[in-house]
Amino acid sequence: MRTLDFDYPLPGPLIAQQPATQRDASRLLIVERPKGLLLHRQFTDFPGFLQPNDVLVLNDSKVIPARLQALNTRTRGRFEVLLVEQSMTNLWWTMMRPGRRARLGSSLHILDHQSQPTGIEAIVEQINAHGHRLLRFQGTPDLLSSLDRFGDIPLPPYIQRPGSKATPSDVERYQTVYARPAGSVAAPTAGLHFTGALLDSIRAQGVHVCHVTLHVGLGTFAPVKADDPSGHQMHEEQFDLPPATSETIARARRQGGRIIAVGTTTVRVIETIASQNGGNLPASTGRTRIFIHPPFHFQAVDALLTNFHLPKSTLLMLVSAFASPGNSHGRDLILNAYREAIRHRYRFFSYGDAMLIL
């Protein structure tokens, strides 16, 4: 298959610029794989598709204020810095604009929201083959704990804001209600639809709700530039499947429960571990660069809740693989579902509506 095979036309007005008025007020398109049926529902109907002893697995990673403004200490040139991944305390891989001016050894002042120096500086220590810069920060014991003072939530470029700045509403809504460990530079958006009350109602019907962590980075949102998807190299992302989640899943599976993954990042954690352990899911911490595209044999995930994804993206390829495990027919089913969603004016991408694949 070619990357171009995962393209589709999307009217610009269907790219959601704002979240739904309430988190669970979005729409839900149901894709029933065995018959290829499509059903139109509301997200509040989602619990009705769950059964006692099912396990709903959520990615609880928290989005950090990863977009920074910086000033070259010598030339006074301005930069935008996007933190991508922490290598160790105060050492971060970043994407910078304009990148070519951030030369090896350059020294930067980190600026606050009023464009004033914060007292924190950064040195460009490495430049990798992708043009990403490794910055060493100084002037703070731990940059991660300081980001709320001067960082901005990194909204995707297709969400338009004045000055490209997230609003106070975005700070709340571009974050799941159950987010805990900080580390993502983009939200695991399938989880944005849940409220605390909806999760409580799901638990009350005998469904187990548990968490994994995958800190969303370039592995999730980097575009596919290769004509053949098999030529695309995924970036590594850090994950954790804790003992409580492992035990809950094992117990539920013995009782016939299904694993319902919320989001493609959750799928990648589960299938990474399953592929390394004969389908089992022991407690694990590590890094993954798994690239799921058709054909792919899934070993653990039984159903997937997801949003509508960008054309030609790794996320759309993963969803297509899940729609028809083990072969390449799922692309047709998913693109047909997308055409149906466009006809019915569903809202797409991060702040958009949801799809449940059963």
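This passage walks through the cavity, a pocket, two helices and a few individual residues of a predicted model. Because the model is predicted, local features need pLDDT of at least 70 and side-chain atom pairs count only at pLDDT 80 or more, while totals for chains, interfaces and linings use all residues. Residues are numbered from 1 along each chain as its sequence is written, and side-chain values use heavy atoms, with hydrogens and water left out.

To start with the empty space, a search of the whole structure turns up one cavity of 30 Å³ or more. Here a cavity is a set of points on a 1 Å grid over the protein atoms alone where a 1.4 Å probe fits but cannot get out, whereas a pocket is an open set with protein on both sides within 12 Å along at least five of seven lines; lining residues have an atom within 4 Å of a point. Grid points are joined across faces, edges and corners, and a volume is the space filled by probe spheres set on the points. The largest cavity comes out at about 90 Å³. Its walls are made by Pro19, Ala20, Arg23, Ser26, Arg173, Leu192, His193, Ser350, Tyr351 and Gly352. That lining splits into four nonpolar, four polar and two charged residues (Ala, Val, Leu, Ile, Met, Phe, Trp, Tyr, Cys and Pro count as nonpolar, Asp, Glu, Lys and Arg as charged, and the others, Gly among them, as polar).

Two of the cavity-lining residues, Arg23 and Leu192, turn up again as contacts of Gln175. Gln175 sits in the loop between α2 (168-173) and β11; helices (H or I, at least four residues) and strands (E, at least two) are DSSP runs, numbered from the N terminus. With a relative accessible area of 9%, Gln175 is buried (buried means under 20% relative accessible area, exposed over 50%, partly exposed in between, with a 1.4 Å probe and protein chains only). A polar atom of the Gln175 side chain lies 2.6 Å from the backbone nitrogen of Val63. Setting aside neighbours within four places in sequence, Gln175 is in contact (heavy atoms within 4.5 Å) with Ser61, Lys62 and Val63 as well as Arg23 and Leu192.

The second largest pocket holds about 460 Å³ of space. Of its 24 lining residues, Val84, Glu85, Gln86, Glu236 and Arg287 lie nearest the centre. At least two lining residues each come from β6 (78-88), β7 (91-97), β11 (182-184), α4 (218-221) and β13 (237-241). By class, the pocket lining has eight nonpolar, eleven polar and five charged residues.

Strand β15 (residues 284-288) includes Ser284, which is buried at 17% relative accessible area. A polar atom of its side chain is 2.9 Å from the backbone oxygen of Pro282. Beyond neighbours within four places in sequence, Ser284 is in contact with Phe239, Asp240, Leu241 and Ile273.

The two helices make a nice pair to look at. In α3 (residues 196-204), Leu198, Leu199 and Ile202 are buried. Viewed down the α3 axis, these buried residues fall within an arc of 100°, so they line one face of the helix (the arc is that of the directions from the helix axis to the C-beta atoms). An α-helix has 3.6 residues a turn, so residues three or four places apart point the same way. The buried residues of α3 pack against β3 (55-59) and β12 (208-214), while the face turned away carries the exposed Ala197 and Ala204. After α3 comes Gly206, with a positive phi near 90°.

Helix α7 (residues 314-323) has ten of its ten residues buried, so it is largely enclosed by the rest of the structure. Those buried residues pack against α4, α6 (264-276), β16 (303-307), α8 (330-343) and β17 (354-357). Two α7 residues, Met317 and Ala321, are in contact with His293, as is Ser230. His293 belongs to the loop between β15 and β16, and the Pro294 to Pro295 peptide bond is cis, with omega near -10°.

A few backbone oddities round things off. Another cis peptide bond joins Arg97 and Pro98, with omega about -10°. Lys312, in the loop between β16 and α7, has a positive phi of about 60° although it is not a glycine, and counts as partly exposed at 33% relative accessibility.

Conventions
Polar contact = N/O pair within 3.5 Å; in protein donor to acceptor, adjacent residues only side chain to side chain.
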